[in-house]
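Visitor: I'm new to this one, and I'd like a close look at a single part. Could you walk me through the sheet and whatever sits around it?

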Amino acid sequence: MSDDPTSTPAAPPVPDGDEPPPVVPATPDGAVRGATTAALEGRVDALDGALAVGGARFDPAVVAEVGATIDRVRERLALGVDHTVVALAGGTGSGKSSLFNAVSGLQFADVGVRRPTTSRVTACIWGGDGDPLLDWIGVEPEHRIERESLLDGDREASLRGLVLLDLPDHDSIAPEHRDVVDRVLPQVDLLVWVVDPQKYADDALHSGYLQRMTGRDSSMLVVLNQVDTVPAEVRADLAADVRRLLVEDGLPDVAVHPVSAVTGDGVRELRDVLAQAVARRSVAAAHADAELADAARAVLTQVAPREPAPNALALGVVVDRLAAAAGLTAVGAAVAAAVRGGSGRAPRLGDVHADGVGLARASWLSGATQGLPQRWAADLRDRVATTVELRLAVTDALAHVPVAARRSRAAVVLLVLAALAGVVGLVGAGLLVADAQGAALPWVPPGAVVAGVLALALVLLVASLLVRGRAARTRGERVVTDGRAAIEAAARGRLLTPTQDVLAEHRHARELAAQALAAD
């Protein structure tokens, strides 16, 4: 190991003239904090919010499972998922540490006879903010180094976010070395198997590891190192033979890269491959994404795809039923009859039949809970008024509706005028009869005047009846209208409002779960 890990890094030996890979954005301090972590954190918060909104209306088993996922993913996100972990794995003498130094441009990893004596993992990280992740992987502080420096400029920017691990030899005689390899391998995004021309067919590698990793072709590659030790004309054959063995292992799509850590041949191409891996989403991010998606789908099983249609929450039907239970139409007709007949006795309003209220409540719940999961429907039924509470609310509301059967003042005035005109007409008619019989009278009204007065009396009488009838209809309708408004207000407060509250919570939980399901 170098005595000064912070010394200025030396550039790796690479061919000239190649275009550098694309630059990966970073924060001003060089820390790798991409949008992936932020998006995943937003989805975790959405999922946690869905659990909070759903509460007891979710299956406890689902809540426990999803809660465990949230804790697990949050713990991983605290480490960051924007780093790409690449591990160099291989057997003794394959040159992993030399390749580690060549790729990083640092003389940091142990090379040579001391290498088999330790089970440590060596790490080089491009960019900052990697200590929590390396702590989690198990890399000791003295065995890690940060690659980029001000002297690099943008030369290393394409690898920003890369965590390069140099693992112990998997074929070491010390069993703890293999234990370290087995523990770290599931945590890496790209596994680079380093083999050499002499031991690339080693059964410990193929039967012990490669043959058990089928299906991971896209997250593995093989580096045929030390190609400088064999003649140039046989290198292609060696690479072809390695590919043949990989096909036999069930890994036909694993790429093979001939490299010499000593001469630098192939190192630049290998760095380009690593830059492409950095540009992809990390395994940790993919795992978090999959876990959140599974958890969100579990939450979505606890809610309906949609809330009841708006017409299911229309109050018209329930108001009709409650009005019928209160006999509102009959009371309105009785008021009209009282006004029309001039009795002045107002009928009683407020006797609400419990059975009718129960039917009205049941019809409301039938529409409001349509399609809702059982727990949500039960909560909605608990939140709305009971039949007794609804009946009391309707009774109280109707008690404040004015019910009066007083006569129409206009009709009374017209009736009085009609009576007066009738009396005057009848007196005039009497005078005309007496005059016709030869009685000596000081004054006799003209016949036309008498007829006009009697006609006026008749018109006033008819007008009085018409005004009374219109007043009767108006007051009867007003009682019905005011009664329905009072019933609707009671139904709104005791049925509609709590129902809307539950459905709004249901919609919120569903939307949060859908947000957690969305890919980042």
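Guide: Here is a tour that begins with the sheet and then moves outward. Keep in mind that this is a predicted model.

Let's begin with the strands themselves. There are 7 of them in an open sheet, and going across you meet them in the order β3-β2-β4-β1-β5-β6-β7, with mixed pairing. The edges belong to β3 (144-146) and β7 (255-258), each of which pairs on one side only. From one strand to the next, the twist averages 20°.

Now zoom in on one pair. Strand β2 (residues 122-125) and strand β4 (residues 162-166) run antiparallel, and 4 bridges join them. If you want to find one of these on screen, look for Ala 123, whose bridge partner in β4 is Leu 165.

Next, slide over to β6 (220-224) and follow the chain out of it: a loop connects β6 to α7 (232-248), and Gln 226 is in that loop. Have a look at its backbone. Most residues other than glycine have a negative phi. Gln 226 isn't a glycine, yet its phi is positive, at about 65°.

While you're in this neighbourhood, look for empty space. Rolling a probe the size of a water molecule over the atoms shows where such space is left. Here the count comes to 2 cavities of 30 Å³ or more. Let's take the second largest, which holds about 30 Å³ of space. Its lining is made up of Val 195, Tyr 200, Leu 205, His 206, Leu 210, Val 222, Val 242 and Leu 246. Two elements, α6 (203-206) and α7, each give two or more residues to that lining. By class, the lining has 7 nonpolar residues, 1 polar residue and no charged ones.

Some of those names come back when you look at how nonpolar side chains cluster. The largest nonpolar core has 66 residues, and among those touching the most other members are Leu 47, Val 66 and Trp 364. Helix α16 (residues 447-517) gives this core its largest share, 13 residues. There is also a second, separate core of 38 residues, and it includes Val 195 and Leu 205, along with Leu 133 and Val 188. Val 195 and Leu 205 are also on the list of residues lining the second largest cavity.

One last stop takes us to helix α11 (residues 328-341), where you'll find Arg 340. Arg 340 counts as partly exposed because its relative accessibility is 41%. Arg 340 and Leu 466 are 126 residues apart in sequence, while their C-alpha atoms are 9.6 Å apart in space.

Key
Residues numbered from 1 in each chain as written. Predicted model: local features only at pLDDT ≥ 70, side-chain atom pairs only at ≥ 80, totals over all residues. Heavy atoms only, no water. Pairing = 2+ DSSP bridges. Axes fitted to C-alpha atoms, helices over the stretch in contact; angles between N-to-C directions. Buried < 20%, exposed > 50% of the residue type's maximum accessible area, 1.4 Å probe, protein only. 1 Å grid on protein atoms, 1.4 Å probe; cavity = no way out; pocket = protein on both sides within 12 Å on 5 of 7 lines; lining within 4 Å. Points joined across faces, edges and corners; volume = space filled by probe spheres on them. Nonpolar A, V, L, I, M, F, W, Y, C, P; charged D, E, K, R; others polar. Core = buried A, V, L, I, M, F, W, Y, C linked by side-chain atoms within 4.5 Å.
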